[in-house]
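Dear colleague,

I am passing the structure on to you below, together with some notes on what turned up when I went through it. Please read the notes with the model open beside you.

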Amino acid sequence: MKMDKLLKQAQKMQAQMMLAQEELEKTVVEGTSGGGMVKVTVNGNGEPQKISISPEVVDSNQIEMLEDLILTAFNDAITKSKTMAENKMNSVSGGMTSGFPGIF
């Protein structure tokens, strides 16, 4: 009997985690740099969705700065996305996923 109950709980948790992952794919997180002049949008899985660059940033003499701003915005968005995903999965699993590095 105990094993059946444990198996059912595991199946329920797996279904909840799958639902949470589907929700994360639909969730949008925005990272910014340069005071909002460069914006990068990723989904909850950290996959890039959109880049937005303010016109005043585009100057052929400052390509390196623009590249740095884009990289910084991507890193900001990905960091936020990972934190959100970890929080979502931990809320579903009761914190059990935090003991398994590399899952999220």
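Lysine 80 forms a salt bridge with aspartate 76, and the closest N and O atoms of the two are 3.3 Å apart; please bear in mind here, and in everything that follows, that this is a predicted model. Because lysine 80 and aspartate 76 lie 4 residues apart in helix α2, about one helical turn separates them. An α-helix has 3.6 residues a turn, so residues three or four places apart point the same way. As for their surroundings, lysine 80 counts as partly exposed at 38% relative accessibility, and aspartate 76 is likewise partly exposed, with a relative accessible area of 23%.

A search of the whole structure finds 2 salt bridges. In the pair still to be described, the side chains of lysine 88 and glutamate 23 meet at 2.5 Å, N to O. This pair links distant parts of the chain, since lysine 88 belongs to helix α2 and glutamate 23 to helix α1, 65 residues apart. Lysine 88 is partly exposed, with a relative accessible area of 29%, and for glutamate 23, also partly exposed, the value is 32%.

That leads to the way the two helices meet. The axes of α1 and α2 come within 9 Å and cross at roughly 155°; an angle over 145 degrees counts as roughly antiparallel, and α1 and α2 are therefore roughly antiparallel to each other. The crossing in which α1 passes α2 is right-handed. On the α1 side the contact is made by Met13, Gln16, Met17, Ala20, Gln21, Glu23 and Leu24, and on the α2 side by Met84, Ala85, Lys88, Met89, Val92 and Ser93, so that both partners of the salt bridge between lysine 88 and glutamate 23 appear in this list.

Helix α2 itself covers residues 63–93, which makes 31 residues, and it reaches 45 Å from its first C-alpha to its last, close to the 45 Å expected at 1.5 Å a residue. Its buried residues are Leu66, Leu69, Ile70, Ala73, Phe74, Ala77, Ser81, Ala85, Met89 and Ser93. What covers these buried residues includes, besides α1 (2–26), the strands β1 (28–33), β2 (38–43) and β3 (48–53). Just after α2, glycine 94 takes a positive phi of about 70°.

With best wishes

Methods: Residues numbered from 1 in each chain as written. Predicted model: local features only at pLDDT ≥ 70, side-chain atom pairs only at ≥ 80, totals over all residues. Heavy atoms only, no water. Helix = DSSP H or I, 4+ residues; strand = E, 2+ residues; numbered from the N terminus. Expected span 1.5 Å × (residues − 1). Buried < 20%, exposed > 50% of the residue type's maximum accessible area, 1.4 Å probe, protein only. Contact = heavy atoms within 4.5 Å. Salt bridge = Lys/Arg side-chain N within 4 Å of Asp/Glu carboxyl O. Axes fitted to C-alpha atoms, helices over the stretch in contact; angles between N-to-C directions. Parallel < 35°, antiparallel > 145°, perpendicular 65-115°, else oblique. Left-handed = near helix turned anticlockwise from the far one by under 90°.
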